[in-house]
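Please open the structure in your viewer and keep the selection tool at hand. The tour below proceeds stop by stop, stating at each one what to select and what is found there.

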Amino acid sequence: MRTGREGLPRWARAADLLTVVLSAVALVIAFTGGERLTVFGVRVSITSWVRPAGWALLVAALRHKFLSQPSLYTLLLAPRVPRHDTLAAVLPAVIVSRAAVLLVGLLAVYVFGFPPGQGPIAPVDEVATLLHRWDTGWYLGIVRDGYRPSGEAFAQQNIAFFPLYPLLTRAVGEILGERWLLAGLLVSLAAFAGGAAYLFRIGKLVCGTPDGPRLAVALVAAYPFAVFFSAVYTESLFLLCAAGAIFHALRRQPAAAAAWALAAGLTRPNGVLLAAPLAAIVAARAWPRLGGTWWGGSWSGGEAVGSEASGARWRWGDLLMVAAPVAGLGLYAAYIWGLTGDPLAWMKAQAGWGRAYEGLAGLVPDPFLRRGLFGAFKFSTPGTLNSLAALFALCLAVPVTRRLGLAFGLFVALNVVVPMATGGPTSLGRFTAVLFPMFLYLADAVPPRHQPYWIAAFAMGQALVASMFFTWRELY
């Protein structure tokens with residue numbers, strides 16, 4: 001009989017896989033209520049979880065009757081050397097954390113409900129509409145109808161939202177029969193998995209401990225504002241683009257880095273800020289003796305750069321890589337220019353959400369100054385959470401620079417200071433979720449005995465943020 005690498009017959013492997021798939025289908029149906037589809041003109045109704053659960057039990061029983069050891073339970077729990085360490089680190093963190101966030105959000109809707117004046121007026125299917133929150137409506141409007149400028153320069157318009165995420169959602173939604181919410185969720189989940197994979201690979205280049213890369217992935221998945229990696233928002237895509245650009249820049253692969261940087265510039269307005277850390281990477285490589293560890297970080301003398309890079313000057317590929325995020329922003333501005341006659345119309349539309357230059361005064365909310373921390377939470381919970389996230393990131397910017405290098409510190413600082421100066425604390429929490437150098441630093445700096453407590457504290461915060469976001473509290 002043919003067997004696999006672990007001595008398990010192929011038929012038993014197939015039976016185990018079928019058991020897992022059927023069990024997953026039963027859980028999804030039990031959670032969502034199932035679905036009615038038309039497949040090649042045939043109407044298919046999948047609304048009962050009992051049948052797939054029964055088939056899963058039958059297949060498992062037959063498998064274990066003819067081959068009781070090793071059992072499926074043992075195989076699922078037995079420690080093993082993974083065939084691919086990136087997948088082994090990323091997939092469990094992505095699947096468990098994203099499923100948990102959506103479950104907490106749904107339970108919060110059932111248990112707490114919506115605040116007065118928020119949420120749907122008429123009864124709706126809470127599962128089907130769970131993802132339709134805050135800015136999601138703007139993205140879905142672009143996906144369905146494209147950009148529709150209103151002609152009012154400083155009013156809320158969908159041209160304030162950059163195009164790459166809606167384009168990807170549109171492409172996936174066409175395949176799914178115009179199920180735009182599901183398409184957006186799939187784009188976000190796939191992008192988060194890719195971003196976490198790049199984070200893990202960067203960690204292998206810069207972390208000083210063997211478990212650092214895996215812990216960094218766990219921390220970014222548990223971070224309180226990682227809720228937005230499960231939403232129809234751009235956070236997942238921006239994490240993927242930024243981490244991909246920096247990883248390939250560290251590996252001296254300017255073409256790949258430029259492609260990801262261009263995508264970052266087409267994803268969000270602050271994508272253009274990626275030019276600064278990319279320039280810092282090139283400068284640290286070109287002039288390695290200009291500064292100490294803070295200048296180039298632990299990667300500057302290792303295989304991430306390559307021995308042939310020492311003393312190398314700027315090259316055309318490097319210039320292209322640094323200019324790519326600016327080009328992404330320029331492409332969108334040119335499109336908006338043709339659409340409205342004003343290349344800065346997308347920027348002016350930000351004022352419709354109250355985003356205007358405020359300096360850094362908004363970093364400490366007024367309720368905190370007048371009532372203290374707990375009073376601030378009571379009277380301005382969203383603003384306080386956003387401000388605390390921004391302060392947390394700013395406090396880590398200096399140690400991130402000292403341990404990982406100027407490029408990583410710039411990425412953290414610029415992506416907090418610039419949004420804060422131009423819009424106050426609004427949305428700063430979700431902006432910090434993509435600042436992956438913070439998690440790389442914590443993965444190295446937090447002692448092993450304290451690591452579970454950090455993950456637990458982050459996860460508790462994420463449950464709070466999920467409860468607020470999915471119940472239409474003003475956290476966006």
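The tour begins with the whole chain, continues with pairs of packed helices, and ends with salt bridges.

**The whole chain**

Please note at the outset that this is a predicted model. Display the protein as a cartoon: 20 helices and two strands appear. Of the 476 residues in the protein, 49% are buried. Consider next the contacts between residues at least 6 apart in sequence: 74% of them join residues at least 24 apart.

**First pair of helices: H7 and H9**

Two packed helices are described by the angle between their axes and the distance between the axes. Select helix H7 (residues 180–206) together with helix H9 (residues 235–250); their axes are 8 Å apart and the packing angle is about 30°. An angle under 35 degrees counts as roughly parallel, and H7 and H9 are therefore roughly parallel to each other. Their crossing is left-handed.

Now show the side chains at this contact. On the H7 side, the residues to display include Ala191, Phe192, Tyr198, Ile202 and Leu205. On the H9 side, they include Leu237, Leu240, Ile246, Phe247 and Leu250. Which classes of residue make up the contact of H7 with H9? There are 13 nonpolar, six polar and one charged.

**Second pair of helices: H8 and H19**

Move the selection to helix H8 (residues 212–222) and helix H19 (residues 436–445), whose axes come within 8 Å and cross at roughly 125°. H8 and H19 are therefore oblique to each other. The crossing of H8 and H19 is right-handed.

Display Gly212, Leu215, Ala216, Leu219 and Val220 in H8, and then Phe439, Leu440, Leu442 and Ala443 in H19, which they meet. Sorted by class, this contact has eight nonpolar residues, one polar residue and no charged residues.

**Salt bridges**

How many salt bridges does the protein have? The count comes to six. The following selections visit several of these pairs in turn.

Select Arg63 and Asp16, which form a salt bridge with the closest N and O atoms 2.8 Å apart. Arg63 belongs to helix H2 (residues 50–66) and Asp16 to helix H1 (residues 10–32), so the pair ties together parts that are 47 residues apart in sequence. Are these two residues buried or exposed? Since buried means under 20% relative accessible area, Arg63 counts as buried at 2%, and Asp16 also counts as buried at 8%.

Next, select Glu174 and Arg170, whose side chains meet in a salt bridge with an N to O distance of 2.8 Å. Both residues lie in helix H6 (residues 164–175), and because they are four residues apart there, about one helical turn separates them. Glu174 is partly exposed, with a relative accessible area of 40%. Arg170 is also partly exposed, with a value of 29%.

Then select Lys348 and Asp342: they form a salt bridge, and the closest N and O atoms are 2.7 Å apart. Lys348 is partly exposed, its relative accessible area being 29%.

For the final stop, select four residues at once: Asp135, Glu235, Arg268 and Arg430. A network of salt bridges links them.

Methods. Residues are numbered from 1 along each chain as its sequence is written. This is a predicted model: local features need pLDDT of at least 70, side-chain atom pairs count only at pLDDT 80 or more; totals for chains, interfaces and linings use all residues. Side-chain values use heavy atoms; hydrogens and water are left out. Axes are lines fitted to C-alpha atoms, for helices over the stretch in contact, and angles run from 0 to 180 degrees between N-to-C directions. Angles under 35 degrees count as roughly parallel, over 145 as roughly antiparallel, 65 to 115 as roughly perpendicular and the rest as oblique. A crossing is left-handed if the near helix is turned anticlockwise from the far one by less than a right angle, and right-handed if clockwise. Contact means heavy atoms within 4.5 Å. Ala, Val, Leu, Ile, Met, Phe, Trp, Tyr, Cys and Pro count as nonpolar, Asp, Glu, Lys and Arg as charged, and the others, Gly among them, as polar. Buried means under 20% relative accessible area, exposed over 50%, partly exposed in between (1.4 Å probe, protein chains only).
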